[in-house]
Each structure stands twice: as C-alpha cells, then as structure tokens.
Amino acid sequence: MSVRTVRGALAAALVAAAVTATALTAPATAAPATTPAAAPAAAEDRSGGGRHAETREALRQLVRDGLPGALAQARDRHGVWNGGAGVADRTTGRKRLPNDRFRIASITKTFVATVVLQLDAEGRLDLDDTVEEWLPGVVRGNGHDGRDITVRQLLNHTSGIYNVTSDPGFQAKVFGPDFLEHRYDTWTPEQLVALAMEHEPDFAPGTSWRYSNTNYVLAGMIVEKATGRPYGEAVERRIIRPLGLRATSVPGTDHRMPRPSGRAYSTLGGDPADPATRVHDVTELNPSIAGSAGEMISDTADLQRFVRALLTGRLLPQQQLKEMMTAVPGGPEAQGGGYGLGLVNRKLSCGTEVWGHTGGIHGSGSVVVSTRSGGHTLAANVNGDWAGGVDRIVEAEFCGKRPSGAPDAAPAAPLAP
C-alpha cells in the first residue's frame, strides 16, 4: 500500500511501513547496519548443490545490504531447495526457518481473482458485469461511476479507480510514524472505498492501466455479494482447504502472527542511510488496512503449491485460466511485463518467462513465481522494508544472476504488485 507501485510488477521487492508504540513493539533500535543479521545462511538446505548457488548468494547479499533476513524455497525437477540468510528476530538472533509464515500482502490478489474466476465459471457472475450491478451506488463520486466499470477491469487494474493507499491522510496514519498509534485500528471495506471516492479517478475505465488496491477491495465485496459469505471464507473453502495449504490463512482483523514466524521490521519511511533512523518491530497489525487487497498470511511451500495448482488447471477451467493469463501492458512499473487478472507475467533478463505476483506490507516483502508449466517455482520473503531485494532473488534463481551488491531501485511500496 502506498502511492508508488513497485519496480517489478512480478519480481520486485514489495515492502513498507509499520505499526503502536506499546509493549507489542520491540524497542526501536538503530538502523540497518547494526542488525545482527550479518550471519550468512539460516536453516539452509545444501542438497541442491550448485544449482541454487546464485540464489543463495542473492539472499546473503540482501543481508549484507542491511536487511535483517531473507528466505527462499525453490522447486524444480530435482526437488526442493531451501535457502535463508540473516535472522528472523533481531532481538534473539533466531535464524529464519523454511516453514516461517509471513504476510504475503498483494499476493492475496491472486487468490481473490481465482475465486472470482471460479464464480464466473459457475455462472454466478460474469467478468463483464458492471460493478454497479453488484454494488449499487458504491463506486460513485468525483467522476467515479460503477456503471461504466466491469469486474474484469477491477481485476486487471484498468478501471481507473483511485488507489485508496495513495490518499495522503491514509498514508500518514498507516505508513508513517502515526502508524504506531493506529496499528490495531479496524478499517472496513466500505471505509476504504469511500476514502478512494473522495478523489478523482486516474483515467476513464478501460483507457489505461494503473495499480489500485481499491480494485481488489471491491472484488472482495463482490465475492461476498455473490456467495453470501465473507470473501475470506470463499478463499478458504475453494482454495486453502482443497489444496491443503496448512500455513495459509485469511486473518481478518486478527493482529497476531501464527507460529512459526519471525518478526517484521520497518523504518516507517525513514532514510536507512541516516544514522538517526530507527528500525521498528512492526510484526503485529490489524490486516484490515489491506483487506482483500492484501491481508493474507502464508509460507514459501504453500505459495508454490498454490501457483502450481493454478497454472496446471487444478483450480480453474481452461477458459477461465486463459482469461486470467490475458495480460494488459502494465506500464513502466511492470518492467516490460503484463498484468492479467490477478496474475503477472514477465520476461526476465535471460528470456525466461515467469508468472506470479509480488506483495509488500509493513516489514514484509514477498514473491511467488513459476514457469508456465509449473515445473520450476520460487517463493521468497524479506523481513525488512528499507531496501529492495525480491527482484534479485528471482533473477538469481531463474537466470543464474549473481548479485552485484548494488541495491535494487527503490524499496518496494506496500501492497504494490
């Protein structure tokens, strides 16, 4: 969530800001360089031999660049490889574990889009239905008109609807130091949409592309209208339980993280190069700030199981999967990639094409990607939001790119693609 969308719509590190100056926040400490994360690998499986050497080095480089810890799991025809570097907890020095759970932020969008497409396949809604048909009067104001916007345009971000997380007041309360006073606030979907409606749309529906978290807040509301139950229950019943995703959950307003999990850290927008900048423990927060645009929790194994099942047709009929993979140009933020219906495709520097999504929320940046066949997958997470990184992990795994040590462009904004 933030004004900016991230530097790789599919493989960029997405992360950001923070959380209540109470006992639930670990004492703020001096910024990145003092982290005890300099230790190399965390719970690393070396059985992959040299096949993942560059990925292993990318994780270590992220820690050398100042992030507390980085975690990755890859699956290919040779089996499963786990890699980690740095720490899960700056206070105890506990290493990152392969089964650590973390907030996946905008990867939630791929789950939500999958449910919408299942409902389309069942004839319970149509991608070309208007938003007004499902949510009468909700998308109105300052030039917004749900009568002119389709469900499809919500899912591929061509609706033009203003991104609620770009609202200056929301940003100040949720991403800056004020977040330490508001980490447990509950935000309803209706509140988030109403806040977006206070601004003009970015463009007329269908005429351009811009990432907007409001689109997926609305998609979650439509799922609720179509099923008669909260969108999270639909995700659990249709995806989580059938696939046996035991580490995956839709927390709603629960601020806690399930075990095992590490901590998440943020500078709350402070400059990491400034010695005066503090690093805050932002692990606990009310995920309703993201809702169906980015509230879910998972781990590296579950994310890969999900994306493999999706791409190999276990979750959607062929026609709906084709709709999902029909991508529109994602603008400069997509680095030459395209955005489908909650699924991003991108050609990496070596020519390999991958499909998946990234996600960033307070102190947590994640990615899951796969080749089209589902034969080679990767999921990764970093637990700090003051540097990029996920892009380098993806390039290292699929292209064998050894990191140069230079950080990625800017740190990823939360809940970006």
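This is a guided tour of a predicted model, moving from packed helices to a buried helix, two buried strand residues and some unusual backbone positions.

Because the model is predicted, local features need pLDDT of at least 70 and side-chain atom pairs count only at pLDDT 80 or more, whereas totals for chains, interfaces and linings use all residues. Residues are numbered from 1 along each chain as its sequence is written, and side-chain values use heavy atoms, with hydrogens and water left out.

**Helix packing**

Two packed helices are described by the angle between their axes and the distance between the axes. Helices (H or I, at least four residues) and strands (E, at least two) are DSSP runs, numbered from the N terminus. The axes are lines fitted to C-alpha atoms, for helices over the stretch in contact, with angles running from 0 to 180 degrees between N-to-C directions.

Begin by selecting α7 (residues 189-196) together with α8 (residues 213-227), whose axes come within 10 Å and cross at roughly 140°. The two helices are therefore oblique to each other, a class that holds the angles left over once those under 35 degrees are counted as roughly parallel, over 145 as roughly antiparallel and 65 to 115 as roughly perpendicular. The crossing of α7 past α8 is left-handed, a term for a near helix turned anticlockwise from the far one by less than a right angle, clockwise being right-handed. To see the contact (heavy atoms within 4.5 Å), show Pro189, Glu190, Leu192, Val193 and Ala196 of α7 with Thr214, Val217, Leu218 and Met221 of α8. By class, the residues of this α7 and α8 contact are 7 nonpolar, 1 polar and 1 charged, where Ala, Val, Leu, Ile, Met, Phe, Trp, Tyr, Cys and Pro count as nonpolar, Asp, Glu, Lys and Arg as charged, and the others, Gly among them, as polar.

Keep α8 on screen and add α2, since the axes of α2 and α8 come within 10 Å and cross at roughly 40°. That angle makes α2 oblique to α8, and the crossing of this pair is left-handed. On the α2 side, the contact is made by Lys109, Val112, Ala113, Val115, Val116 and Leu119, and on the α8 side by Asn213, Tyr216, Ala219, Gly220, Val223, Ala226 and Thr227. The contact of α2 with α8 divides into 9 nonpolar, 3 polar and 1 charged residues.

Next, hide α8 and select α10 (residues 300-311), whose axis comes within 12 Å of that of α2 (residues 108-121), with a crossing at roughly 35°. Here too α2 makes a left-handed crossing, now past α10. Thr110, Phe111 and Thr114 in α2 meet Leu303, Phe306 and Leu310 in α10, a contact of 4 nonpolar, 2 polar and no charged residues.

**An enclosed helix**

Now select α12 (residues 390-399), in which 10 of the 10 residues are buried, so this helix is largely enclosed by the rest of the structure. Buried means under 20% relative accessible area, exposed over 50% and partly exposed in between, with a 1.4 Å probe and protein chains only. The cover over the buried residues of α12 includes α1 (53-64), β2 (69-76), β12 (344-347), β13, β14 (364-370) and β15. Just after α12, look at Gly400, which takes a positive phi of about 70°.

**Two buried strand residues**

In strand β15 (residues 377-382), pick Thr377, which is buried with a relative accessible area of 0%. Its C-alpha atom is separated by 5.6 Å from that of Ala74, 303 residues apart along the chain. Which side chain makes a polar contact with that of Thr377? The partner is Gln304, at 2.7 Å; a polar contact is a pair of N or O atoms within 3.5 Å, where within protein one must be able to donate a hydrogen and the other to accept it, and residues adjacent in sequence count only if both atoms are side-chain atoms.

Move to strand β13 (residues 353-361) and select His357, which counts as buried at 0% relative accessibility. The side chains of His357 and Tyr339 are joined by a polar contact of 2.8 Å.

**Backbone stops**

For the last selections, start with the cis peptide bond between Arg259 and Pro260, where omega is about -5°; Pro260 lies in the loop between α9 (231-243) and β7 (265-266). His157, in the loop between α4 (151-155) and α5 (168-174), has a positive phi near 60° and is buried, with a relative accessible area of 0%. Finish at Leu268, in the loop between β7 and β8 (278-281), where phi is positive at about 50° although the residue is not a glycine, and where the relative accessible area of 7% counts as buried.
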